[in-house]
Amino acid sequence: MAASEETSSLFPIFILTIMALPLVPYTIVKLCRFASKKAKSIHCQCAVCERSGKYRKSIFKKISNFSTWSNMTVVLLWVIMGFLVYYIQQISRESQPFDPYSILGLVAGASESEIKKAYRKLSIQYHPDKNPDPEANLYFIEFISKAYQALTDPVSRENYEKYGHPDGRQGMQMGIALPSFLLNIDGASGGILLLGIVGVCILLPLMMAVIYLSRSSKYTGNYVMHQTLSSYYYFMKPSLAPSKVMDVFIKAAEYMEIPVRRSDGEPLQKLFMLVRSELNLDLKNIRQEQAKFWKQHPALVKTELLIQAQLTRESADLPSTLQADFKKVLEIAPSLLEELMKMAVIPRNQQGHGWLRPAIGVVELSQSIIQAVPLSARKTTGSGEGNAPFLQLPHFSEAVIKKIARKKVRSFQELQDMTEMERAELLTSIAGFTPAEVQDVEIVLEMMPSMTVEIICETEGEEGIQEGDIVTMQAWVTLKRRNGLVGALPHAPYFPFHKEENFWLLLADAVSNEVWMSQKVSFLDEAAAIAAASKAIQEAKEGSGATVKERSSAVKEAVAKVKSGSRLVMGKFQAPAEGNYNLTSFCLCDTWIGCDKKTNLKVKVLKRSRAGSRGGAIAEEGPAVEDGIEEEEDEEEEEYDDYESEYSDDSEDEQDTKKKGVVANGAAHEKGSGSSSEEGSGSDEE
């Protein structure tokens, strides 16, 4: 029993060690991540965004941002570790080895007269006859008297000097790092204690693991339910128009779990009347259409109305109960839209191609939700461009757009191409903006990204592409802003959560509505982009047999490109059958309207020869692509066929879209008669 009491002090040391092993490195990693965060502001500084409060760094917001479960757990564990350190120090002081010289205040080897003198001095201070304090009496009996006896008795003194203990040689004691009460298991209390230990150490972790696995099995790595992915895959169609993407999007299992209360009926009815024009109802049979709309599943009705409240900016008047549901719908919307995009471009045929039309529709819906712009605003006008790009600017409205249109500024590109002074004069004199409002517009225009894409398709180690070859696509996507930033958060004052800019690079054949390659691109994590580009270039150069010096030079050049605002996108696909293919690379932004970029690319696939000879040019592009790729002029070829928004005057089922229109800057417009000569050049950047 005594031994267990002495060794039970090892238990807090054991617990402290177990806690410190994971906690110390985890804390260091978190501190390093916090220190590595850029102090430079990367969000919009316009007055509208400031009033939204999304980026306001108040003391309460700082506390709420810090008060995450992980941070609070780390703090709690460090408090426990501090308490254990203090407790161990107290135990170590109480369990110090018996040292009579130290107790009497002497040095080792003191003479007998010095020992007696020290004893008399301490007796005056601690003797029961001199000091009535019980603690002083205990100290005198337990320590001073024993120390004096150990040094004055010849045998005890000899044992101490020889073995370090007055009683002579001491045997080795073995202990266990457990508290003493766990070792005293006897009777009924021992059985209860044993059951408690089994429950806490075995059953509780097992139950937590079962609960975690049962919940995590419902979700993917992107925290989207598997049931949602199944629904998206089933309802995704190759000819899905942008307006129909909404019908698929709201069928997420997460939205179906949102409760529909009886008290929601009246507010949803009012909201329906406000957004009815955006629901694509047939006005000729409006009563039947309304009845059909309300016969849907209540969760679908509620979700669609709440999303329309975001698109039409009618969410301010929602009651508090609907406000909570409204924020929940928007909070998970970016993740759901990303998974919906993946379902659109996932391989659907033997060639491993996805679908272009629904992919562009998903991006358009994402842009509209983030910028709170109605889908009807994307409908093309006489100039070939809708009002959606204008409405994402602060202080702009339909009335302002009509006013500046009278001054021949009908497209968003025309507004961007104006000088700052010309825009200021236009907005102040025609639209009635104040200087502060004009400055807000300039801030947002400076934040908007401008994209360029340099793309090459080739077969590694060969001069041409033959059918069945594995083709490597290498694309450099470059982002420029007028304010000099590369990674930034978009201007989105009506979206209540932080949303990062993401870009989707699609290599597609618009005529056949097929996506050959797709990849998401982000400009915020520069370190990850440098690592990915370095690895890809290194592997590509090694495969081509380049020397070490050439590989090093290529990697350095790639790193410099990434630091200047470019991202490398590489992928492989199998060459199709022999023929000439008019492909288009779409660089689509999921947050900004009017920042999408298209680049035409002609790929010539040769028939595979028996001897395996490889001749002829294969990929034809505009001036941005070099490496001796020959440009092919074929005026008799079928003109480039492109995606056309569902909001144009054409029917969504019309497949003959030749010579009609292309997507430029996120909106569709008709091409002029002279556009065929530009397409023949092999590169069309709009």
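This passage describes selected helices and salt bridges of the structure above. The model is predicted.

Helix H16 covers residues 298-311. Its 14 residues should span 20 Å at 1.5 Å a residue. The C-alpha atoms at its ends are 20 Å apart, so the expected and modelled lengths agree. Of these 14 residues, 13 are buried, and H16 is therefore largely enclosed by the rest of the structure. After the helix comes Arg-313, which has a positive phi, near 60°.

A second helical stretch is linked to a database record. An unreviewed UniProt entry lists residues 12-32, 66-88 and 192-213 under "transmembrane region". Such annotations may be inferred rather than shown by experiment. In the model, residues 12-32 are 100% helix and 0% strand. The end C-alpha atoms of this span lie 29 Å apart.

Salt bridges were counted next. The total is 16. One of them joins Arg-261 to Asp-325, with the closest N and O atoms 2.9 Å apart. Arg-261 sits in the loop between helix H13 (253-256) and helix H14 (265-275), whereas Asp-325 belongs to helix H17 (residues 320-345). The two residues are 64 residues apart in sequence, so their salt bridge ties together separate parts of the chain. Arg-261 is partly exposed, with a relative accessible area of 30%. Asp-325 has a relative accessible area of 6%; buried means under 20%, so Asp-325 counts as buried. This pair also belongs to a network of salt bridges, which links Arg-261, Asp-264, Lys-302 and Asp-325.

Helix H17 takes part in another salt bridge, through Glu-338. The partner of Glu-338 is Lys-520, at 2.9 Å from N to O. Lys-520 lies in strand S5 (residues 514-521) and Glu-338 in helix H17, so the contact ties together parts 182 residues apart in sequence. Glu-338 is buried, with a relative accessible area of 18%. Lys-520 is partly exposed, at 34%.

Lys-572 and Glu-460 form a further salt bridge. Their closest N and O atoms are 3.2 Å apart. Lys-572 is in strand S6 (residues 566-574). Glu-460 is in the loop between strand S2 (450-458) and strand S3 (470-480). The pair links distant parts of the chain, 112 residues apart. Glu-460 is partly exposed, with a relative accessible area of 42%.

Conventions:
Residues numbered from 1 in each chain as written. Predicted model: local features only at pLDDT ≥ 70, side-chain atom pairs only at ≥ 80, totals over all residues. Heavy atoms only, no water. Helix = DSSP H or I, 4+ residues; strand = E, 2+ residues; numbered from the N terminus. Expected span 1.5 Å × (residues − 1). Buried < 20%, exposed > 50% of the residue type's maximum accessible area, 1.4 Å probe, protein only. Salt bridge = Lys/Arg side-chain N within 4 Å of Asp/Glu carboxyl O.
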